[in-house]
Amino acid sequence: MSSVVQPCARCGARWAVQGRPLHWCPRCRGVLLSPGPVDAPAERRNYRWVARPPGKHPADTRQTRRPRPAPETPRYREMPRWGLRDAPPRPAAVVRGRFAALLERRDRLLVATAIVFALAALAEFVRYGILLYNRTRLVSPVGLILSDIAVYVTAVLSLLLALAAALALVAWLVDARRTAYARAGSREPRTRAALWGGCLIPVVNLVYPGVYLSELVARRGGDLRVVRAVRIWWGAWVLNGVLVAAALLWRSAGSLQAQADGVVFTAYTDLAAAAVAVLSLWVVRLIEGRDLRGRIRLEKRWLAAVSTSAPVIEPVHPVAESDGRAPDAPVGKNDGSEPAVDAETEHEEVMAK
């Protein structure tokens, strides 16, 4: 009997080697290990026995795999629509800063600014109507006092709201630029002082806010619609600044007619300021991916239209006559055996087919 055996890795039986080693166990069809002496010690074997619970696979001690975290379940604030590339919106980071309270009320401040500037323009138009009325008649002192109160109150309140809205917009611009550059993996190239100074210093703030907004839009992808909106706002902003400077100079006129015309010009300036406030709200919401009413703006996806391989309506083909005439014979010719058919009747028959 041979002293060299092959143990079975499945059932543990030992089979004597009688010539060439076997590969499979004759009993359980398990894998046979390499031949070895019957009483060989463990250090002389080319295999070793490992005890483990049933159903457990041997762990690889050379590599330690860390458990992967479970992927986050996508959450949507609204019903998902066509397309699989829309990432779920992330909750906005809580802004902590000196102007956090103004930033939270940014949209309401812009709406209130537009409304108060419109009321200020209305008060200026009423004042101009009183001036026209005073050319031929005396004005009631009560009506004049009420007109003065309306003009001064709306003027002061509109300036205060405009200042608060401007601070909120600059705070939003600084935070939006920092977030956009951080997502792109770069650092904000402009300092906070440069951003605030370029937006608040008179005359300088006619140029730099448009530059800062253009850089922000370019960093966020350069949507053509948003770029066009920024350019429209920029032009309206410069025009409003020119109107404000002209209205201040017009107030210093000496003649009564020039002062009356200055009242009308101030009313138009207030209307322009109200329009700039509305445009500012529009641009901010477009950059944030919303429309003027605050609804989420859905992107349009265009698909290539492919024409059908077969026509939907089968065209009409001429049918061969039963008297042996060729199929390609012209339709409508009379050889004397059939009654004549006019062209209009024939056209109606073809259309009916």
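Here are some short exercises on the structure above, each with a worked solution.

This is a predicted model, in which local features need pLDDT of at least 70 and side-chain atom pairs count only at pLDDT 80 or more, while totals for chains, interfaces and linings use all residues. Residues are numbered from 1 along each chain as its sequence is written, and side-chain values use heavy atoms, leaving out hydrogens and water.

**Exercise 1. Get the overall layout.**
Work out how many helices and strands the protein has, and in which pattern they follow each other.

*Solution.*
- Step 1: Start by counting elements, where helices (H or I, at least four residues) and strands (E, at least two) are DSSP runs numbered from the N terminus. You get 8 helices and 3 strands.
- Step 2: Now read along the sequence. The pattern is β-β-β-α-α-α-α-α-α-α-α.
- Step 3: Check how much is tucked away. Of the 353 residues, 26% count as buried (under 20% relative accessible area; exposed is over 50%, partly exposed in between, with a 1.4 Å probe and protein chains only).
- Step 4: Look at the surface too. About 26,600 Å² is exposed, and carbon and sulfur atoms supply 60% of that; such areas come from the Shrake-Rupley method with a 1.4 Å probe, and for residues only the protein chains shown count as cover.

**Exercise 2. Sort out the sheet.**
Find the order of the strands in the open sheet, and say which of them stand at the edges.

*Solution.*
- Step 1: Two strands pair if DSSP finds at least two bridges between them. The 3 strands come out in the order β2-β1-β3, with antiparallel pairing.
- Step 2: β2 (14-16) and β3 (36-37) each have a single partner strand, so they stand at the edges and one side of each has no neighbour in the sheet.
- Step 3: Zoom in on one pair. β1 (residues 4-7) and β3 are joined in the antiparallel sense over 2 bridges, and Val 5 has Gly 36 in β3 as its bridge partner.
- Step 4: Stop at the loop between β2 and β3, where you find Arg 29. Arg 29 isn't a glycine, yet it has a positive phi of about 60°, and at 54% relative accessibility it counts as exposed.

**Exercise 3. Bonded or not?**
Decide why Cys 8 and Cys 28 don't form a bond.

*Solution.*
- Step 1: Use the cut-off: a disulfide is a pair of cysteine sulfur atoms within 2.5 Å.
- Step 2: The closest cysteine sulfur to that of Cys 8 is in Cys 28, 3.5 Å away, so it is too far for a bond.
- Step 3: Check the rest. A search of the whole structure finds 0 disulfides.
- Step 4: One more detail: Cys 8 is buried, at 0% relative accessibility.

**Exercise 4. Find the core.**
Which elements give two or more residues to the largest nonpolar core?

*Solution.*
- Step 1: Know the term. A nonpolar core is a set of buried Ala, Val, Leu, Ile, Met, Phe, Trp, Tyr and Cys residues joined through side-chain atoms within 4.5 Å.
- Step 2: The largest one has 35 residues, and those with the most contacts inside it are Trp 172, Leu 173, Leu 213, Leu 216 and Ile 287.
- Step 3: The elements you want are α2 (106-133), α3 (141-183), α4 (192-200), α5 (208-219), α6 (224-251) and α7 (256-287). The largest share, 13 residues, comes from α3.
- Step 4: Take Ile 287 and list its contacts (heavy atoms within 4.5 Å). Leaving out residues up to four places away in sequence, Ile 287 touches Trp 172, Leu 213, Leu 216, Val 217, Arg 220 and Val 226.

**Exercise 5. Follow two helices.**
Compare the span of α3 with the expected one, then see which residues of α6 are buried.

*Solution.*
- Step 1: The expected span is 1.5 Å times one less than the number of residues. With 43 residues, α3 reaches 62 Å from first to last C-alpha, close to the expected 63 Å.
- Step 2: Just after α3, Gly 185 takes a positive phi of about 80°.
- Step 3: In α6, the buried residues are Val 226, Ala 229, Val 230, Trp 233, Asn 240 and Ala 247. Their cover includes α5 and α7.
- Step 4: Cross over to α7, where Ser 280 lies. Ser 280 is buried, with a relative accessible area of 7%, and touches Leu 110, Leu 169 and Trp 233, not counting residues up to four places away in sequence.
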